[in-house]
2 protein chains.
Amino acid sequence: MTERAEAAGPERDPEAVSKFVEGFAAQLVEAGMQRMPARVFAALLASDSGSLTSAQLGEQLQVSPAAVSGAVRYLAQQHMVAREREPGSRRERYRVHSNQWYEALTNREAVLKRWEAALREGVTSLGAETPAGRRMAETLAFFEFVDEEIAAMMERWRVHREKTFGAP
Amino acid sequence: MTERAEAAGPERDPEAVSKFVEGFAAQLVEAGMQRMPARVFAALLASDSGSLTSAQLGEQLQVSPAAVSGAVRYLAQQHMVAREREPGSRRERYRVHSNQWYEALTNREAVLKRWEAALREGVTSLGAETPAGRRMAETLAFFEFVDEEIAAMMERWRVHREKTFGAP
DNA sequence: CGCTACTTTCAGAAATTTGTGAAGTTAAGA
DNA sequence: TCTTAACTTCACAAATTTCTGAAAGTAGCG
């Protein structure tokens, strides 16, 4: 089994790559992510350089440029990939920053905030002294607690990571 | 039709309830949950007793018994509601245990485990010494870290909750 | 300035998901 | 045992989502 370096033409066992990509994407889908973003993300994760062009993605996943465009837009919004322009070309590369992306995954912050807002409204409109209001207030407190804890956890991860894998 | 369960107390404004239910459900949907389970869950959360019968749910949400059945099956699988048989009736009640349910929400444990499995396979099949393999190994390490942290966090929440809201 | 190489947008076809009515199943109570 | 209230399952219609091809935009380079 030969391990080709990637610089020029990454001819890695395409079947092994594809198997991983589809398998991991399937798990992400099951967790609620849309299929195409999940596949694109998995493909990037499985690339040696951590970045691929739009054309490469379309080729590898057998989908149209339009599909890649849509998926990438979504991923960029979620901060799960970065877009970078290749200097001297209008070709774009999409990249998983090994740090960045899992922060994004935990970064349900925006989601949590909206849940909290909805709950706060519920507590007010149903009455803080009603049983339902009390239950919702407790739920709200839980999310607020989680918010803070997640931040602290990510900080610990950064430390742990540097110890284990070296430089940031 | 002895259904006036939420007896006593001030009349609840059905419109306020509905507004909360639909609003909160919408947020859950946006985060990846299916619509009907989200609505059912929100309705339970907003009920004073914390539990409703299948008929009450169908009535309040304007959906068929079949839809309620499906939604409730899903929620029970996710441990987000408990089913209880009313003694002396085949009527069933669905309940949010104020503790239980947010544990379930954080309880992505099963999900995380499957992600980890997929990543482990990827590391093996692409080679632990390849750049892609290393990236996936780091990702895997992150999830393993999160697993442990979540457990610890829930423990801290239990303590915090008892201090703030009293008895479990 | 316009050519060309990419990317994005958009309307609609195709696939998937969702909810319904109706039939099927189960168990309480007579 | 039979009746009947209640939940569940199933096939299908409706709604929604997803992907595509084609047209339109955008920016480097001659």
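A polar contact is a pair of N or O atoms within 3.5 Å. The exercises below use this cut-off on a predicted model.

**Exercise 1. Decide which side chains make polar contacts with the phosphate oxygens of DNA strand C.**

Solution.

Step 1. Start with chain B. An N or O atom in the side chain of B:Ser64 is 2.9 Å from a phosphate oxygen of DNA strand C. The cut-off is 3.5 Å, so this pair counts as a polar contact.

Step 2. Turn to chain A. For the side chain of A:Arg83 the distance from an N or O atom to a phosphate oxygen of the strand is 2.7 Å. For the side chain of A:Ser69 the corresponding value is 3.3 Å. Both pairs lie within 3.5 Å, so they count too.

Step 3. Place these contacts in their surroundings. There are 19 residues around DNA strand C, and A:Arg83, A:Arg91, B:Ser64, B:Gly88 and B:Arg90 come nearest. Of the strand's atoms that come within 4 Å of the protein, 84% belong to sugar and phosphate.

**Exercise 2. Describe the protein surface near DNA strand C by element and by residue class.**

Solution.

Step 1. Find the main contributor. Helix 4 of chain A gives the largest share of this surface, four residues.

Step 2. Sort the residues. The surface has seven nonpolar, six polar and six charged residues.

**Exercise 3. Carry out the analysis for DNA strand D, beginning with its closest residues.**

Solution.

Step 1. List the neighbours. DNA strand D is surrounded by 18 residues, the closest being A:Ser64, A:Ala66, B:Arg83, B:Arg91 and B:Glu92. Sugar and phosphate make up 80% of the strand's atoms that come within 4 Å of the protein.

Step 2. Check the distances to phosphate oxygens. The side chain of B:Arg91 has an N or O atom 2.6 Å from one. The side chain of A:Ser64 has an N or O atom at 3.0 Å. With B:Glu92 a backbone N or O atom is involved, at 3.1 Å.

Step 3. Assign the surface to elements. Two or more residues each come from helix 4 of chain A and from helix 4 and strand 3 (92-95) of chain B. Helix 4 of chain B gives the largest share, three residues.

Step 4. Sort by class. The surface near DNA strand D has six nonpolar, six polar and six charged residues.

**Exercise 4. Characterise the interface of chain A and chain B, from its area to its polar pairs.**

Solution.

Step 1. Take the area. The two chains bury about 4700 Å² between them, and 69% of that is on carbon and sulfur atoms. A:Arg135, A:Glu138 and A:Phe142 supply 15% of the area that chain A buries against chain B, more than any other three residues.

Step 2. Count the residues. Chain A brings 56 residues to the contact and chain B brings 55.

Step 3. Look at charged and polar pairs. Eight salt bridges are found across the interface. One of them joins B:Arg114 to A:Glu30, with the closest N and O atoms 3.0 Å apart. In addition, 16 residue pairs across the interface are in polar contact.

Step 4. Trace the side of chain A that touches chain B. Elements giving two or more residues to this side include helix 1 (14-30) and helix 7 (131-165). Helix 7 of chain A gives the most, with 20 residues. By class, this side has 31 nonpolar, twelve polar and 13 charged residues.

Definitions and conventions. Residues numbered from 1 in each chain as written. Chains lettered and ligands numbered in written order. Predicted model: local features only at pLDDT ≥ 70, side-chain atom pairs only at ≥ 80, totals over all residues. Heavy atoms only, no water. Contact = heavy atoms within 4.5 Å. Buried area = accessible area lost by both parts, 1.4 Å probe. Salt bridge = Lys/Arg side-chain N within 4 Å of Asp/Glu carboxyl O. Polar contact = N/O pair within 3.5 Å; in protein donor to acceptor, adjacent residues only side chain to side chain. Nonpolar A, V, L, I, M, F, W, Y, C, P; charged D, E, K, R; others polar. Near = heavy atom within 4 Å.
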